[in-house]
Amino acid sequence: MTEHPYGPARSRRRFRFGTTLLGAVLAAGLAMAPPAGAAAPSANPPSPSPGDPRQLAYVANQSSDDVSVIDTATNTVVTTISTGEGSGPSGVAVTPDGTKAYVTDFAANQVSVIDTATNTVATTISTGEGSGPSGVAVTPDGTKAYVAESLSDTVSVIDTATDTIPTTVAVPGGTSPFQVAVAPTNGSQVYVSLRAGGNDGDVAVISTATNTLTDVIGPQTPAYGLAVTPDGGQLYVAQFTDQINQVTVLDTATGNTITTIDTGTDTQPFGVAVTPDGTRAYVTFSGNGAGQESVGVIDTATGTLVDTVGVGEAPVAVAVTPDSSRAYVANSSSNDVSVIDIATDTLSDTVGVGTGPISVAIATVPGVPSPGPRGTVSSAKPVAVYAKPDRHSDVVGHLKPGRTVALACKLGHGDRAAGGDHGWYKLAEDPRGWVQAERLRVVNPPVPPCSHG
């Protein structure tokens, strides 16, 4: 049986994130900070008008085989995109212009390309049998996407204009490349964490000009999430073993260690993101026991851990909004995303998503039309979809917990259907049918009334 990269590493690690597909992916491709002197953004900005650019968070849910799309203006899931049964979506990155999202499907050995205008999978790109794609990052000019392949010890380079793979770069054998980060200034170098560690270091360095491995840097300790500072000068690397829990800060010019930040016993630092204004780094502590699941806040000026914020269960990935106002944290065991207000370093919201969220990327998507009324499954178990608004009619499908679907109309209290229930929603997408109103939480209301059942 093939080992999953989000389960036990070749470096003797054991995670507590569950029993099936597990892990974390660092989101990449955050936009640059606003100009100095710009007004501080609101923690809850107003909703845009239909057709205006929208800031969205794309969350890969590995166990439910889909991607939740969160509107960060309202912190609601506006749609859920299936990547195919058994695909195991693991990493996600959005192009700088916000038009495409690249999602690595570990179990399917492919990358799903999402058209953000329609939030549908436009195409898939094979990474080769037994490759195990995990982390992904897009260059600042949007021309290339780099995909770490944990099982084949390779990094595929996607040409985003053609969505093909013209080049594959080999990294040291047996190192299990895991996450990817790109220098945000000029995109000249790509950094790939080596989850199983290596004899020469734990981060592979790839030149984007030649698509060749140029160096391996860092201490010989398994590396997980990583992020580059906005000026491209420093690389933050999350690392842990049975004895080590730390964030290593590397000088990207020399590859030398600037400082090592001890995060505490059993914190298990996993995902990391640096704010676009460069002042802080947020690190997910997946923890090894109750009460230790939190996010650490690092002051980048002093290289010290200055605060922690409690979040959901098994936090494994984090991304920061382009204005550095909020951090979005994927919690793989509680099936939700925690929203941290960066001004106060407090939890400001929690958004339910699919099952096993392990990566998140934030982007401004141009000209997205209003998605219309939608409903999110609010129960912890799958919800039946009926052929008619009647529980005695045929079951035509099921909706997984956390899934968001388009709603066509509603039968309300005054027009109960044959089953005697107080309300039903008619679905506007597959599986087409009817769902009891009490099973869904409505977003983007109102839902129009049905003319007939």
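This passage describes strand pairing in two parts of a predicted model. Local features were taken at pLDDT of at least 70, side-chain atom pairs counted only at pLDDT 80 or more, and totals for chains, interfaces and linings use all residues. Residues are numbered from 1 along each chain as its sequence is written, and side-chain values use heavy atoms, with hydrogens and water left out.

A convenient place to begin is strand E9 (residues 144-149), a strand here being a DSSP run of E with at least two residues, numbered from the N terminus. Of its 6 residues, 5 are buried (under 20% relative accessible area, 1.4 Å probe, protein chains only), so E9 is largely enclosed by the rest of the structure. Strand E8 (residues 133-138) runs antiparallel to E9 and is joined to it by 4 bridges; pairing requires that DSSP finds at least two bridges between two strands. Across this pair, Ala137 faces Tyr146 in E9. The E8 and E9 hairpin has 5 residues between its strands, and Gly142 there adopts a positive phi near 75°.

E9 also pairs with strand E10 (residues 154-159), antiparallel and over 6 bridges, with Glu149 opposite Thr154 in E10. These two strands form a hairpin with 4 residues between them, where Asp153 in the turn shows a positive phi of about 55°.

Turning to the second part, an open sheet of 4 strands follows the order E16-E17-E18-E19 with antiparallel pairing. Its edge strands, E16 (223-228) and E19 (257-262), each pair on one side only. Neighbouring strands are turned by 20° against each other on average, direction ignored, using axes fitted to C-alpha atoms. Within this sheet, 4 bridges link E16 to strand E17 (residues 234-240), and Val228 lies opposite Leu235 in E17.

Terms used. Axes fitted to C-alpha atoms, helices over the stretch in contact; angles between N-to-C directions. Buried < 20%, exposed > 50% of the residue type's maximum accessible area, 1.4 Å probe, protein only.
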